[in-house]
Amino acid sequence: MCGRFTLTTPAAEWAALFELDPVPDFEPRYNIAPTQQVAAVRSRFRAQHEEARSEADGASREFAKLRWGLVPHWAKDPTIGSRMINARSETVAEKPAFREAYRRRRCVIPADGFYEWRKLEGRKQPYYFHRRDD
């Protein structure tokens, strides 16, 4: 994931996509940064053991506002979450900071665009990436 992203699609559209009821209440955002509250979709059911889950449990989803950044269970200072915003897909299951969260506490963070920066003449130029059809 990038360091900044957008969520401008109306809440009703992604509520329909993720089968959320009620429709979440949030305003369009054009510059979401680490440590800010982000919209998330997660399972309502949290089993202690994966074998306890049934097919019906996986279909129940809820909207949540979460703080962007991972604070590992072993961290003494919660501000570490501002630095732990990205995980490499190739190693997320192995790295101590992400391993447990990857196994047990996943969610979907809806986004419809993101920013990447390029250094130009001593300053950073943002570039906005999104689908042409939004």
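This section describes the fold, the aromatic pairs, the enclosed spaces and the backbone geometry of a predicted model.

The protein contains 3 helices and 6 strands. Along the sequence these elements follow the pattern β-α-β-β-α-β-α-β-β. Of its 134 residues, 27% count as buried.

Four strands form an open sheet in the order S2-S1-S5-S6, and their pairing is antiparallel. Strand S2 (29-32) and strand S6 (123-129) are the edge strands, each pairing on one side only. On average, and with direction ignored, neighbouring strands of this sheet are turned by 25 degrees against each other. The pairing between strand S1 (residues 4-7) and S2 is antiparallel and extends over 2 bridges. Within S2, Arg29 serves as the bridge partner of Leu7. Leu7 also belongs to the lining of the second largest pocket.

The count of aromatic pairs comes to 7. One of these is formed by Phe114 and Phe129, whose rings are stacked at 5.1 Å centre to centre with 10 degrees between the planes. Phe114 lies in strand S5 (residues 113-120) and Phe129 in strand S6, so the pair ties together parts that are 15 residues apart in sequence. Both rings belong to residues classed as partly exposed: the relative accessibility is 34% for Phe114, and the relative accessible area is 39% for Phe129. The rings of Tyr115 and Trp117 have planes at 40 degrees and centres 6.2 Å apart, so this pair is tilted. The two partners fall into separate accessibility classes, since Tyr115 is buried with a relative accessible area of 18%, whereas Trp117 is partly exposed with a relative accessible area of 39%. In addition, ring pairs link Trp14, Phe18, Phe26 and Phe63 into a cluster.

Two members of that cluster, Trp14 and Phe18, recur in the lining of the second largest pocket. This pocket holds about 220 Å³ of space. Its lining consists of Leu7, Thr9, Glu13, Trp14, Leu17, Phe18, Pro110, Ala111, Asp112, Arg131 and Asp134. Helix H1 (residues 11-18) supplies the largest share of this lining, with 4 residues. By class, the lining residues of the pocket divide into 6 nonpolar, 1 polar and 4 charged.

For cavities of 30 Å³ or more, the count comes to 1. The space in the largest cavity is about 50 Å³. Leu70, Val71, Pro72, His73, Pro96, Ala97, Glu100, Ala101 and Arg105 make up the lining of this cavity. The cavity lining comprises 6 nonpolar, 1 polar and 2 charged residues.

Several features of the backbone were also identified. Most residues other than glycine have a negative phi, and most peptide bonds are trans. The peptide bond that joins Asp21 and Pro22 is cis, with omega at about 5 degrees. Pro22 is located in the loop between H1 and S2. A positive phi, near 50 degrees, is found at Glu121, which is a residue other than glycine. Glu121 is situated in the loop between S5 and S6, and its relative accessibility of 84% places it among the exposed residues. Asp134, likewise not a glycine, has a positive phi of about 55 degrees. This residue lies in the segment after S6 and counts as exposed at 65% relative accessibility. Asp134 is also one of the residues that line the second largest pocket.

A further loop position is that of Ser82, between strand S4 (61-67) and helix H3 (96-104). At 33% relative accessibility, Ser82 counts as partly exposed. The C-alpha atoms of Ser82 and Arg67 are 9.6 Å apart in space, and the two residues are 15 residues apart in sequence.

Notes: Residues are numbered from 1 along each chain as its sequence is written. This is a predicted model: local features need pLDDT of at least 70, side-chain atom pairs count only at pLDDT 80 or more; totals for chains, interfaces and linings use all residues. Side-chain values use heavy atoms; hydrogens and water are left out. On a 1 Å grid over the protein atoms alone, a cavity is a set of points where a 1.4 Å probe fits but cannot get out, and a pocket is an open set with protein on both sides within 12 Å along at least five of seven lines; lining residues have an atom within 4 Å of a point. Grid points are joined across faces, edges and corners, and a volume is the space filled by probe spheres set on the points. Ala, Val, Leu, Ile, Met, Phe, Trp, Tyr, Cys and Pro count as nonpolar, Asp, Glu, Lys and Arg as charged, and the others, Gly among them, as polar. Two strands pair if DSSP finds at least two bridges between them. Axes are lines fitted to C-alpha atoms, for helices over the stretch in contact, and angles run from 0 to 180 degrees between N-to-C directions. Rings of Phe, Tyr and Trp (its six-membered ring) pair if their centres lie within 6.5 Å; planes under 30 degrees apart count as stacked, over 60 as edge-to-face and the rest as tilted. Buried means under 20% relative accessible area, exposed over 50%, partly exposed in between (1.4 Å probe, protein chains only).
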